[in-house]
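Me: Could you walk me through this one with me? I'd like to go through a helix, a sheet and any cavities.

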Amino acid sequence: MLVTGAAGFSGRHACERLAREGMEVTAVVSPRAPAAGGRPPVAGAAAELACDLTDRASVRSLLEQVRPDAVLHLAGRNAVDESWRTPDVVLSANLLSTVYVLEGARALPDCRTLVVGSMLSPRPDEDLTRTLHPYGFSKALQVTAALAWHHWYGQQVIVAEPCNLIGPGGSAGICGKIARWAAACERDAETERGSAPFRLSSLEERRDFLDVRDAAAAYATLLREGAPGVRYALESGTLRSLGEVKDAFDRASRVPLRWEIGSAGGPSPLARRADAIRELGWQPSVPFARSIADTLQSERERPSGPA
């Protein structure tokens, strides 16, 4: 079992979950990531290998060496703001790496490949030139490539499209950003330093938040039982407003938090149905309040403190 992006937010949780379910996990990390001595080892991994997934020869060599029976492809760039600045870098990380992984897996007929896309990518039949940002464009092409390789070559390729993932471990999403700020506010209160307020675009925008540990359980389910050629939406099933997110952090924080609330929030996404994966027996199990509390606690425990 090979997991790309294993040192990342989702990757660490996925490796731990897959190992707990009895899979022998090889964790693939970026050669640009800190060496194992400078970061915690990936829990549950039997081995860690560094590979530049945007280098075709390196990816082919990796898969020939490991010869996995399954691949969970999580690696890539997931920041919308970065995609505006360097769309070519994001497109290479999200599309080319996926194509190289698919091509490497094509030499392994029994290998199942789970490609993790994003709820922000449009449907393949939509006009991709109308995507909201280069990140969404890159993820749309990633998913399209995954399904095309299944169609063209009959590969066992499955696609998962999670919503906003939250939970402990350093998420780059809005809840991770708020948790780092809230933890800094708690430390600043101890030293009597003031903290700048956190700005929310509005209180009305609504999003579906899913705990990353539930997403890891979903990946394990799809690797075992997912149908090749199918896109699986991963949702909690509940849309929550940013006001609810604010209230959850207010309750979890040890000090009063200062907020700045705007009035020009963007549109809320439409709710999606996760019936396909629920029919396989998966259900989200981590309550929202626990996700927020655990996220904040993990930021409190960072040895060097949040950035």
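Reply: Before the helix, one term: a residue counts as buried under 20% relative accessible area and as exposed over 50%, with partly exposed in between. Keep in mind as well that this is a predicted model.

Me: OK, so which residues of helix α2 are buried?
Reply: Helix α2 spans residues 56–66, and its buried residues are Val59, Leu62 and Leu63. Seen down the axis of α2, these buried residues fall within an arc of 90°, so they line one face of the helix.

Me: And what does the face turned away from the buried side carry?
Reply: That face of α2 carries the exposed residues Ala57, Glu64 and Gln65.

Me: What do the buried residues of α2 pack against?
Reply: They pack against four strands, namely β1 (2–4), β2 (25–29), β3 (45–50) and β4 (70–73), and also against helix α4 (87–106). As for what follows α2, the next residue is Arg67, whose phi is positive, near 50°.

Me: Switching to cavities, how many of 30 Å³ or more does a search of the whole structure find?
Reply: The search finds 1 cavity of that kind, and the volume of the largest cavity is about 30 Å³. Its lining is made up of Arg56, Arg60, Tyr100, Glu103 and Gly104.

Me: Which elements give two or more residues to that lining?
Reply: Those elements are α2 and α4, and the largest share, 3 residues, comes from α4.

Me: Glu82 caught my eye; is it buried or exposed?
Reply: Glu82, which lies in helix α3 (residues 80–85), is buried, with a relative accessible area of 15%. Leaving aside neighbours within four places in sequence, Glu82 is in contact with Arg77, Val89 and Val90.

Me: Now the sheet: in what order do the strands of β7, β9 and β11 come?
Reply: The 3 strands form an open sheet in the order β7-β9-β11, with mixed pairing. Because β7 (164–166) and β11 (239–241) stand at the edges with a single partner strand each, one side of each is left without a neighbour in the sheet. Neighbouring strands of this sheet are turned against each other by 55° on average, direction ignored.

Me: How many bridges join β7 to β9?
Reply: There are 3 bridges between β7 and β9 (residues 206–211), and these two strands run parallel. Within that pairing, Leu165 stands opposite Leu210 in β9.

Me: Which helix packs on the sheet?
Reply: Helix α8 (residues 242–252) does, touching β9 and β11, and its direction makes about 70° with that of β11.

Note on methods:
Residues numbered from 1 in each chain as written. Predicted model: local features only at pLDDT ≥ 70, side-chain atom pairs only at ≥ 80, totals over all residues. Heavy atoms only, no water. Pairing = 2+ DSSP bridges. Axes fitted to C-alpha atoms, helices over the stretch in contact; angles between N-to-C directions. Contact = heavy atoms within 4.5 Å. Buried < 20%, exposed > 50% of the residue type's maximum accessible area, 1.4 Å probe, protein only. Arc of directions from axis to C-beta. 1 Å grid on protein atoms, 1.4 Å probe; cavity = no way out; pocket = protein on both sides within 12 Å on 5 of 7 lines; lining within 4 Å. Points joined across faces, edges and corners; volume = space filled by probe spheres on them.
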